[in-house]
Amino acid sequence: MTITETRPETGGVGVLLKDWRQRRRRSQLELSNESGISTRHLSFVETGRSRPSRDMVLRIADQLEVPLRERNTLLLAAGYAPAYDERTLEDDDMTAIREALDLILTGYEPFPALVVDRDWNLVQANNAVGPLIADVAPELLEPPLNVLRLSLHPDGMSSRIVNLSEWRGHLIDRLAREFAVTGSPSTKALHDELMDYPGGLSHASPDGRIAVPMRLRTDAGELSFISTVTTFGTAVDISVAELTVEAFLPADAFTAAALRGGINT
């Protein structure tokens, strides 16, 4: 899937709000009704004839499901202070988040699970991930380690992914959908980079399947995984809201037995 950058690079809060409204395919009438704002007032805000209040910016952003990072951008463009903090996992008040991540990752073992940020850079992983990436090029493991680059790069895992073109199609489509939600330039840049990698691109029909698997060739035989995603649904900190836990669970009995038996992949 090709994505096109349409987000305005300059402009006040009105231009940015209009872009988010159009990105979500909402009319002014629909958004005004949902936000409790008159259509006339919303039109004046989008054209720069009226300055929205801080509460109005946040109400509109909530209705449009604007990510927290971009909500701060809207507030700054309107002349207000950011509403959402951005901590690091090492901060003292992030202890509960660190413990929750440790609990989730450990709970998935012996199945691989990892934590990534919005740009798909590795934040944390459990012990089961190591064997899957043992034979990739060392430079791909240098921080920041991008897990999608690691998966699809010719010197990464791609040579061992049996259904590479299908898996590439799944990941690249997923990035395109994420860009539609966030409008992040870094997401688009990663999408374009992955599109340039070899390996083909296919979107196979479901054929009655439950999910698209990643089929990995190993010394122990072919392992098949399905992935699940976990996020912090009530996060009001930018860093926490952008964390994703991705687990790779066995798609068949052989894979489950191989991983439970500690077979070196």
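Start with the surface of the whole chain: about 13300 Å² is exposed, and carbon and sulfur atoms supply 53% of that area. What you have open is a predicted model.

**The whole chain**

Switch to a cartoon view. You should find eleven helices and five strands in the chain. Seen along its principal axes, the set of C-alpha atoms fills a box of roughly 65 × 45 × 35 Å. Next, colour the residues by burial. Of the 265 residues in the chain, 45% are buried. If you display contacts between residues at least 6 apart in sequence, 60% of them join residues at least 24 apart.

Now select the charged residues. The chain has 27 positive and 38 negative charges, and the mean positions of these two groups are 9 Å apart.

**The largest pocket**

Select P67, V181, T182, A241 and E242. Of the 25 residues lining the largest pocket, these lie nearest its centre. The space in this pocket comes to about 630 Å³. Which elements give two or more residues to its lining? They are α5, residues 68–77, and α8, residues 164–182. Colour α8 separately, as the largest share of the pocket lining, five residues, comes from this helix.

**R71 in helix α5**

Stay with α5 and select R71, which is found in this helix. Is R71 buried or exposed? Its relative accessible area is 11%, so R71 is buried, the cut-off for buried being under 20%.

Show what surrounds the residue. Apart from neighbours within four places in sequence, R71 is in contact with A61, D62, E65, V66 and Y84. Then add L17 to the selection and draw a distance between the two C-alpha atoms. R71 and L17 are 54 residues apart along the chain, and their C-alpha atoms are separated by 10.0 Å.

**The largest cavity**

Clear the selection and move to the enclosed space. How many cavities of 30 Å³ or more are there? The count comes to one. About 260 Å³ of space lies in the largest cavity. Select L114, V147, S151, M157 and F248, which are the closest to its centre among the 20 residues that line it.

To see which elements surround this space, colour β2 (122–125), α7 (147–152), α8 and β5 (244–250); each supplies at least two residues of the cavity lining. End on α7, which gives the most to that lining, with four residues. Before closing the viewer, look once more at α8: this helix is listed for the lining of the largest pocket and also for that of the largest cavity.

Notes. Residues are numbered from 1 along each chain as its sequence is written. This is a predicted model: local features need pLDDT of at least 70, side-chain atom pairs count only at pLDDT 80 or more; totals for chains, interfaces and linings use all residues. Side-chain values use heavy atoms; hydrogens and water are left out. Buried means under 20% relative accessible area, exposed over 50%, partly exposed in between (1.4 Å probe, protein chains only). Contact means heavy atoms within 4.5 Å. Accessible areas come from the Shrake-Rupley method with a 1.4 Å probe; for residues, only the protein chains shown count as cover. Lys and Arg count as positive and Asp and Glu as negative; His and the chain ends are not counted. The place of a charge is taken as NZ of Lys, CZ of Arg, CG of Asp or CD of Glu. On a 1 Å grid over the protein atoms alone, a cavity is a set of points where a 1.4 Å probe fits but cannot get out, and a pocket is an open set with protein on both sides within 12 Å along at least five of seven lines; lining residues have an atom within 4 Å of a point. Grid points are joined across faces, edges and corners, and a volume is the space filled by probe spheres set on the points.
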